[in-house]
Every structure is written in C-alpha cells, then in structure tokens.
Amino acid sequence: MNPIHAISFESLCSKEVEELRHNPSHVLPIYATSSFVFESLDQSQSVFTKQEPGYLYSRYANPTIESVAKKIAAMESYDLDEEYHCLLTNSGMSAITLVLSSTLQSGDKILTQSNLYGGTTELLKKVFQRFNIEPVFTDLSNIDAVRRSLDEHPEIAMLYGETPANPSLACIDLTAIAQLCKLNNVLTVIDNTFCTPYLQRPLSVGIDVVIHSTTKALNGHGNAIGGAIVFRKTEYDTYWNTYKLMGLNPSPFDTWLLHNGLKTLIIRMDKACKNAQAIAEHLEQHVSVAKVNYPGLPSHSSFVLAKSQMSQFGTMLSFELQGGIEAGKRFMDNVNLVTHAPTLGDLDTLILHPASSSHLNINREVRIANGITDGLIRMSVGIEKIEDLLEDINKAISNI
Ligand SMILES: *Cc1c(COP(=O)(O)O)cnc(C)c1O
C-alpha cells in the first residue's frame with residue numbers, strides 16, 4: 001500500500017503537504033504561513049525564550065519579511081560599522097506609528113516641521129495628541145529656530161523630519177540637526193521616503209532612526225502598501241515588542257512585491273532623476289510657468305544643501321502655472337501620458353494637486369506659508385522617454 005494511503009481520505013485532504021525542497025530557490029519564496037512547526041517541546045521552549053533562533057508566528061517574524069528587512073537595513077547603513085536592524089510594516093503610516101509609540105511617553109513633545117507629509121501631520125494631531133504627546137512645529141531648516149524650540153520646550157524627546165519635504169522640496173541639514181539633537185539627548189527620526197538610501201543615508205550623518213513608506217520609490221511599481229523603520233540593533237527589543245503587540249507586520253506577498261521592486265532601484269532612480277532635472281529645467285524657462293520647485297535647480301533655496309547631502313536631486317518636483325488654480329486644473333485634465341494619481345515614486349510619471357488631496361486637511365494659511373499654494377501641482381517623475389514626457393507637458397500647457 002502507498003504509505004500516504006495509511007491515513008483516512010478526510011485527513012489526507014486537510015493535512016499539510018510535504019515540502020519538496022532539496023536545494024534553495026533562486027528567488028525569495030513567499031512564506032504564506034501564519035505559524036511555524038516545532039520538532040519537539042524542547043525546541044519550542046528554546047525558540048520562545050530566544051535561546052535558539054527560529055520562527056513562531058508571522059506577526060512576530062516571517063522568513064520572507066525578515067529577508068527583505070535585512071536587505072533594507074544593509075542599504076540604509078551601508079557606510080557604517082555599527083549594526084542596524086529593520087522592521088517592515090504594513091504601511092508608511094504604521095512605520096511612523098511604530099517609532100512614536102515605541103519611544104515616546106505621555107507628556108513628551110515632538111519637534112517637527114509644518115510641511116510634513118499630510119498624513120503624518122494628521123497622525124500627530126488627531127491620534128498622538130490625544131495621548132498627551134504634543135507636536136511643536138518649527139522650520140527645521142533654520143538651525144537657530146530648532147535650538148530655540150529645544151530650549152523653550154525641555155519636554156521635546158524626538159525630532160521628526162522629512163527632507164526634501166513634500167511638495168516644496170525644501171531640505172533640512174541632517175548633519176547639523178543630528179549634532180544639535182545629540183547634545184540635547186533628543187532622538188532624531190527622518191522620513192527618507194523621497195530619497196531612498198540610494199540618494200541619501202541619514203544614519204551615516206548621525207540620525208538615529210530612518211523611516212520609509214516603501215509604497216513609493218523602494219517598491220517603485222505601485223502595487224503594494226508598506227513601510228520600514230531602520231534603527232540600531234541594540235534597540236531591537238524596544239521596537240520589536242511594540243511591533244508584535246500592535247500587529248504592524250506586512251503580508252509576505254506585499255513584501256515579496258517590494259523586493260522585486262528593490263532590485264531595479266538604481267536604474268529606476270538614475271533614469272527618473274535625470275528626467276526630473278530635464279523637466280524642471282524645461283518648466284523653469286517656460287513662459288507659462290510662474291514657479292518651479294526642484295532642489296536640482298540653482299534657483300531653489302535648498303540647492304547647495306541638497307547637493308551636499310544627496311547623491312542626486314530626486315524624482316519629485318512641483319510647479320505653479322501662470323494663471324494659478326484654474327490653469328493648474330486645466331493642465332491636469334489635459335495631460336495624456338502623465339497620469340493623475342495620488343501617490344509618488346512609481347515608475348511612471350504622476351501628478352497631483354496637493355491643496356485638494358495630500359494637504360486637504362492642513363490649515364490653508366499653514367499650507368500657503370509652506371509654499372503649497374492653491375494652484376501648485378506636484379509631479380513624481382518616472383522612467384519614460386524624456387522627449388515623450390516633454391511633449392505631453394508642452395501640449396497640456398499650450399491647451400490651457
Ligand atoms: C506616502 C508617504 C507616507 C505614508 O506612507 P503610506 O505607505 O501611504 O502609509 C509617509 N511619508 C511620506 C513622505 C510619504 O510620501
């Protein structure tokens with residue numbers, strides 16, 4: 001008798017299959033499993049008590065997710081001797097939630113900028129403020145203003161920044177911020193989503209923690225939501241305990257998609273940065289364009305700083321047409337190759353109107369003070385043929 005027939009037909013159906021793996025797969029497999037099997041009670045006890053490495057339950061750790069996390073940690077800490085660790089989360093927002101809820105106490109304050117990603121501002125105001133963790137908004141690109149805020153608010157336990165910021169592309173000086181905060185015993189956290197570790201590595205200039213929305217350029221294909229935090233390995237238990245208890249883990253499949261995207265990061269970023277520079281230069285000399293924000297233009301206020309702390313100027317730009325919001329609306333309706341969609345960092349070129357989408361819930365005066373005028377259009381530049389992009393943009397402008 002075939003030994004597999006020794007069990008009943010019903011049990012045969014419900015039983016797990018034999019894993020037919022004799023040598024490793026070339027490409028990362030997807031471990032779509034919620035739990036892992038123990039060989040003995042002794043083994044289970046030693047894995048649970050961390051005396052031996054092993055997997056238990058996918059909310060705690062999963063081989064697909066951990067492999068990709070290891071790669072992102074290695075990328076962000078590429079120039080460093082100290083060991084860093086990464087935890088992948090189910091969104092960029094949950095990566096931010098993880099950092100804040102792992103490190104802050106009620107009564108602490110967060111020093112940050114008013115031109116943050118819209119969702120981050122809302123998270124601070126609508127969620128964390130209810131737990132008596134208050135944001136203090138200042139211009140993080142002004143180191144004297146940062147120093148004054150730290151003096152005025154001794155409760156500040158964390159500085160949280162984004163550079164370049166969304167969508168003005170204003171940059172903050174990471175080295176100066178890291179030094180000042182270290183002196184004041186303030187944890188520094190940088191959202192490195194716009195740059196990826198290919199263009200900018202905050203940890204190498206002394207920033208403590210990097211966060212990402214991997215949904216954007218790290219994945220690059222717009223097919224999965226995800227996030228990441230990278231921190232010193234010595235802090236592992238602090239972050240991991242919150243991670244597993246809040247259940248912030250991503251799905252193995254989404255993580256696998258992220259990994260597919262990561263492999264082409266370099267060629268995508270090289271091409272998209274080059275396209276962005278060309279579009280910014282083109283728009284800047286166009287008679288129908290009132291203003292262009294791109295850190296690779298000498299006219300941008302952060303040009304010198306961006307040149308010193310980024311290896312390329314990035315894939316994001318924003319601009320305002322002559323004719324403000326009405327002209328902007330018509331431009332957005334006129335584009336053909338360029339797509340109107342509320343994300344960034346994909347490999348095709350996307351536009352968005354921040355005042356009515358990403359910054360909809362931000363106070364209008366605060367928004368305008370940060371250069372996000374009513375007619376501003378944000379563009380995430382992709383890897384298309386530059387001549388095609390310029391033709392589409394020109395046509396859309398001339399039909400206004
Ligand atoms: C998109 C984005 C986020 C939020 O990430 P999700 O993956 O959408 O949760 C945070 N910061 C920046 C800079 C972003 O662009």
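Biologist: How many cavities of 30 Å³ or more does the count come to?
Modeller: The count comes to three. This is a predicted model, where local features need pLDDT of at least 70 and side-chain atom pairs count only at pLDDT 80 or more, while totals for chains, interfaces and linings use all residues. Residues are numbered from 1 along each chain as its sequence is written, and side-chain values use heavy atoms, with hydrogens and water left out.

Biologist: What is a cavity here?
Modeller: On a 1 Å grid over the protein atoms alone, a cavity is a set of points where a 1.4 Å probe fits but cannot get out. Points are joined across faces, edges and corners, and the volume is the space filled by probe spheres set on them.

Biologist: How much space lies in the largest cavity?
Modeller: About 80 Å³. Its lining, meaning residues with an atom within 4 Å of a point, includes L88, T89, T214, N219, P250, D254 and L258.

Biologist: Which elements each supply at least two residues of that lining?
Modeller: Strand β1 (84-89) and helix α10 (252-262). Helices (H or I, at least four residues) and strands (E, at least two) are DSSP runs numbered from the N terminus. The largest share, three residues, comes from α10.

Biologist: How do the residues of that lining divide into nonpolar, polar and charged?
Modeller: Five are nonpolar, six polar and one charged. Ala, Val, Leu, Ile, Met, Phe, Trp, Tyr, Cys and Pro count as nonpolar, Asp, Glu, Lys and Arg as charged, and the others, Gly among them, as polar.

Biologist: And what lines the second largest cavity?
Modeller: Among the residues lining it are A217, R268, M269, D346 and I383. The space inside is about 60 Å³. Six of the lining residues are nonpolar, three polar and two charged.

Biologist: T196 next. Which residues is T196 in contact with?
Modeller: Leaving aside neighbours within four places in sequence, T196 is in contact (heavy atoms within 4.5 Å) with E76, H212, A217, L218, L265 and M269. A217 and M269 are also in the lining of the second largest cavity.

Biologist: Is T196 buried or exposed?
Modeller: T196 is buried, because its relative accessible area is 0%. Buried means under 20%, exposed over 50% and partly exposed in between, with a 1.4 Å probe and protein chains only. T196 sits in helix α8 (residues 196-199).

Biologist: Switching to cysteines. How many disulfides does the structure hold?
Modeller: Zero. A disulfide is a pair of cysteine sulfur atoms within 2.5 Å.

Biologist: Why is C195 too far for a bond?
Modeller: The closest cysteine sulfur, in C171, is 7.3 Å from that of C195, so the two are too far for a bond. C273 is in no disulfide either, and the nearest cysteine sulfur, that of C195, is 8.6 Å away. C195 counts as buried at 1% relative accessibility, and C273 does at 4%.

Biologist: Two glutamines to finish. Where is Q277, and what does Q277 contact?
Modeller: Q277 lies in helix α11 (residues 265-284). Apart from neighbours within four places in sequence, Q277 is in contact with Y294, G296, L297 and F313. At 18% relative accessibility, Q277 counts as buried.

Biologist: And which residues does Q43 touch?
Modeller: F38 and E52, not counting residues up to four places away in sequence. Q43 is found in helix α2 (residues 41-48) and counts as buried at 19% relative accessibility. Its C-alpha atom is separated by 65 Å from that of A396, 353 residues apart along the chain.

Key. 1 Å grid on protein atoms, 1.4 Å probe; cavity = no way out; pocket = protein on both sides within 12 Å on 5 of 7 lines; lining within 4 Å.
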